[in-house]
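Student: I would like a close look at one part of this model. Please take a single helix and work through its packing and its surroundings.

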Amino acid sequence: MDPQQREDQQFGSFITGSPTASSDEKTMGMLAHLGSIAGIVVGAGFLGWAVPLFLMLTKGKDSSFVRSHAVESLNFQITTFIAMAVSAVLMCVGVGFLLVPIVALGSIVFTIIAGLKANEGELYRYPVNLRLVK
């Protein structure tokens with residue numbers, strides 16, 4: 001069985017036991033993504049991982065919907081951090097000056113899309129993501 005099918009099968013165990021996410025779960029899923037933008041702004045670019053990690057450890061135990069969004073957001077924040085670090089190193093060559101705004105803009109756009117999808121009750125998988133946290 002491929003991992004996507006396994007994830008879809010496990011997706012039905014929400015707090016209410018219903019096959020769809022409750023409004024609280026949708027809100028927490030949205031916060032897992034959009035909270036990372038707030039973490040980046042407040043933490044001077046370094047705390048984007050804090051909100052998804054907090055939600056994964058607290059609300060993720062109760063809801064597979066919130067956990068899947070928090071894990072996906074946390075993985076994306078790690079991926080974005082690695083991309084920014086590589087871009088910073090490449091600034092010595094000059095290419096980094098082009099990559100930093102592209103990575104930043106892509107991060108913001110994909111995070112907003114993911115937050116909106118979570119608010120609609122859908123799973124969202126970032127197109128460019130290292131899935132390090134399971």
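**Helix α5 and its partners**

Tutor: Start with the pairing of helix α4, residues 64-90, and helix α5, residues 96-119: their axes lie 9 Å apart and pack at an angle of about 170°. Angles over 145 degrees count as roughly antiparallel. So α4 runs roughly antiparallel to α5. Bear in mind that this is a predicted model.

Now the residues that make this contact. From α4 come F65, H69, F76, Q77, T80, A83, M84, S87 and L90. From α5 come G96, L99, V100, V103, A104, S107, F110, T111 and A118. By class, the contact of α4 with α5 holds 11 nonpolar and 7 polar residues. No charged residue takes part in the contact of α4 with α5.

Turn to the other partner, α2. The axes of α2 and α5 cross at roughly 170° and come within 7 Å. This pair, too, is therefore roughly antiparallel. On the α2 side, the contact uses K26, G29, M30, H33, L34, S36 and I37. On the α5 side, it uses I108, T111, I112, A114, G115, A118 and N119. The class count for α2 with α5 is 7 nonpolar, 6 polar and 1 charged.

T111 and A118 appear in the α5 list for the contact with α4. T111 and A118 also appear in the α5 list for the contact with α2.

Which residues of α5 are buried? They are G96, V103, S107, T111, A114, G115 and A118. The cover over these buried residues includes α2, residues 23-42, and α4.

Next, the helix geometry. α5 has 24 residues, so at 1.5 Å a residue it should span 34 Å. Its end C-alpha atoms are 34 Å apart, which agrees. Just after α5, G121 takes a positive phi of about 85°.

Then the record. An unreviewed UniProt entry lists residues 37-58 and 97-116 as "transmembrane region". In the model, residues 97-116 are 100% helix and 0% strand. The end C-alpha atoms of that span lie 30 Å apart.

Zoom in on one residue of the α2 contact. I37 lies in helix α2. With 26% relative accessibility, I37 counts as partly exposed. Leaving out residues up to four places away in sequence, I37 touches I108, T111 and I112. Take the pair I37 and I108: 71 residues separate them in sequence, yet their C-alpha atoms are 7.3 Å apart in space.

Compare a residue outside α5. G60 sits in the loop between α3, residues 50-58, and α4. Is G60 buried or exposed? Its relative accessibility is 11%, so G60 counts as buried. Beyond its neighbours within four places in sequence, G60 is in contact with L55, V66 and R67. G60 and A70 are 10 residues apart in sequence, and their C-alpha atoms are 7.6 Å apart.

Finally, the whole chain. The protein chain has 5 helices and 0 strands. Along the sequence, the pattern reads α-α-α-α-α. Of its 134 residues, 32% count as buried. Consider the contacts with a separation of 6 or more: residues 24 or more positions apart account for 65% of them. The pair I37 and I108, 71 residues apart in sequence, is one such long-range case.

Notes: Residues numbered from 1 in each chain as written. Predicted model: local features only at pLDDT ≥ 70, side-chain atom pairs only at ≥ 80, totals over all residues. Heavy atoms only, no water. Axes fitted to C-alpha atoms, helices over the stretch in contact; angles between N-to-C directions. Helix = DSSP H or I, 4+ residues; strand = E, 2+ residues; numbered from the N terminus. Parallel < 35°, antiparallel > 145°, perpendicular 65-115°, else oblique. Contact = heavy atoms within 4.5 Å. Nonpolar A, V, L, I, M, F, W, Y, C, P; charged D, E, K, R; others polar. UniProt positions renumbered as here; feature names shortened; annotations may be inferred. Expected span 1.5 Å × (residues − 1). Buried < 20%, exposed > 50% of the residue type's maximum accessible area, 1.4 Å probe, protein only.
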